[in-house]
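Trainee: I've got a model open and I'd like to learn how to read its features. Could you walk me through it?

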Amino acid sequence: MKAIILVGGEGTRLRPLTYSVVKPMVPVANRPFIEHVILKLAAHGINDIVLAMGYKPDSIFAYFKDGAGAGIKLSYSLEEKPLGTAGAVKNAGAHVEDTFFVLNGDTFSDIDYTYMLAFHRRNRAKATIALSHVEDPTRFGVVETKEDGRVTAFIEKPARDKVTSHWINAGVYILEPSVLDCIPGNQFFMFEKGVFPPMLDRGERVFAYTSKSYWIDMGRPSQYHQLNCDVLRGLCSSPLYRVKDITIEQGCAVHPSAHITGPAVINGGCNIAEDATITGPAVIGRNCLIGKGASISNSVLWDDIIVGAGASITGSIIASGAKIEESTRLEDLTINQEAPSDPITKKI
Ligand code: GTP
């Protein structure tokens, strides 16, 4: 079965954390975010995957190529101009002949795609939209439904006093190919405005699949940090990560006096010096040097980072190549990689 993943347009970065690494490639537990998403689909037999994207994705091509190595057929649909969510699917779905999935490429969930597909078929739906339950729906698209699951209304980012439901559009759809006929070619078009509401007006079968499974929109650094911690704690699942207290990849040198408390994952080539402490959840990328007596807790470090002796890093995200000077204290910060000598530092 086919899935189209919307990995975004030109501006798809996890700002202010990084400018050169595109959002799909930011590491989650040391593997690209989108790799977790792709392998979750494949685990449900959805292994014909199209990445719809609006920028030159060299890093994605270089990493995934055609996906053949992982038993997945991976292809790329490029856009010459911003087409919006529905426009991008129209662009990518030229040859779709069967029921297919669409996923927003910056959300992560444990939604059971197999159950969702059975639900879609049982209802003979033309479109099924996964809904997730959130405490604060004001940043999201709220979806109202009838008891049988039929969608009755879409309310985009409701004001706090206008909230009528806590069920939001989770950015996972199952569509029949005929939905593509409702989307004009080569034009900017959004599902939430241009496609689903007119389908309701025409009385077409649009259903909501409600799920209380794990769901997160990782569009902001704080949510990206949260996702890493949740994967390590086993609060959500990924075929790429087996929950284990401490994982230390090959080629690391850990001084016997260093103290590591899980959950922690440390990638290859790291050097953890004497008396350093790492307290999970903690992710440490490839070739990092953690200096004598330094302490790292509840943080995500990417690759090639030097943490000076006695430095303390808590609740932070440090992008690749950064050098943290001796005895520095970082708390709840993101450090951008592009200017390691003068890092851009922002509160998470
Ligand atoms: P806001 O609603 O503005 O907060 O942004 P959002 O990113 O949460 O939602 P939006 O509906 O804009 O995007 C949903 C997903 O579709 C994200 O993963 C985007 O990267 C992706 N997306 C949005 N526009 C396009 C586009 O023109 N082309 C492609 N390929 N993907 C897109």
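Mentor: Sure. Let's begin with a loop: Asn30 sits in the one between strand E2 (27-28) and strand E3 (31-32). Keep in mind throughout that this is a predicted model.

Trainee: Okay, and what is the phi of Asn30?

Mentor: Phi is positive there, about 75°, although Asn30 is not a glycine. Hold on to that residue, since Asn30 comes back when we get to the pockets: it is among those nearest the centre of the second largest one.

Trainee: While we're on the backbone, which peptide bonds before a proline should I look at, and is each cis or trans?

Mentor: Look at omega. From Gly262 to Pro263 the peptide bond is cis, with omega near -5°. Pro263 belongs to the loop between strand E16 (259-261) and strand E17 (264-266). Then there's Gly280 and Pro281, joined by a cis peptide bond with omega about 0°. Pro281 is placed in a strand, namely E19 (residues 277-284).

Trainee: Let's zoom out. How is the protein divided into domains?

Mentor: There's domain 1, covering 2-233, and domain 2, covering 246-347. Their centres, taken over C-alpha atoms, are separated by 33 Å. For the contact, domain 1 puts in 17 residues and domain 2 puts in 24 residues.

Trainee: What about helix packing? At what angle do the axes of H3 and H5 cross?

Mentor: Roughly 75°, with the axes of helix H3 (residues 84-92) and helix H5 (residues 191-201) coming within 7 Å. An angle from 65 to 115 degrees counts as roughly perpendicular, so that is how H3 lies relative to H5. On the H3 side the contact uses Thr85, Ala86 and Val89, and on the H5 side Phe191, Glu192 and Val195. Sort the residues of that contact by class and you get four nonpolar, one polar and one charged.

Trainee: Now the empty space. What's the general idea?

Mentor: You roll a probe the size of a water molecule over the atoms, and that shows where empty space is left.

Trainee: How big is the largest pocket here, and which residues are closest to its centre?

Mentor: Its volume is about 890 Å³. It is lined by 36 residues, and the closest to the centre are Thr85, Asn104, Asp106, Met190 and Glu192. Notice the overlap with the helix pair: Thr85 and Glu192 are also part of the contact of H3 with H5.

Trainee: Which elements supply that lining?

Mentor: Strand E1 (2-8), H3, E11, H5 and strand E13 (215-217) each supply at least two residues. E11 gives the most, with four residues. By class, the lining of the largest pocket breaks down into 15 nonpolar, 12 polar and nine charged residues.

Trainee: And where does the second largest pocket lie?

Mentor: Between the two domains, because domain 1 and domain 2 both give residues to its lining. Its volume is about 520 Å³. Of its 21 lining residues, Ala29, Asn30, Arg31, Asn267 and Arg286 lie nearest the centre. The class split for this lining is 10 nonpolar, five polar and six charged.

Trainee: How many cavities of 30 Å³ or more does the structure hold?

Mentor: One. The largest cavity has a volume of about 70 Å³. Residues lining that cavity include Val37, Lys40, Phe108, Tyr113 and Trp215. Asn104 is in that lining too, and you met Asn104 among the residues closest to the centre of the largest pocket.

Trainee: Which element gives the most to the cavity lining?

Mentor: E7, with three residues. Helix H1 (33-43), strand E6 (100-104), strand E7 (107-109) and strand E11 (167-175) each provide at least two. In terms of class, the cavity lining has seven nonpolar, three polar and one charged residues.

Key. Residues numbered from 1 in each chain as written. Predicted model: local features only at pLDDT ≥ 70, side-chain atom pairs only at ≥ 80, totals over all residues. Heavy atoms only, no water. 1 Å grid on protein atoms, 1.4 Å probe; cavity = no way out; pocket = protein on both sides within 12 Å on 5 of 7 lines; lining within 4 Å. Points joined across faces, edges and corners; volume = space filled by probe spheres on them. Nonpolar A, V, L, I, M, F, W, Y, C, P; charged D, E, K, R; others polar. Axes fitted to C-alpha atoms, helices over the stretch in contact; angles between N-to-C directions. Parallel < 35°, antiparallel > 145°, perpendicular 65-115°, else oblique. Contact = heavy atoms within 4.5 Å. Domains from an automatic or database assignment.
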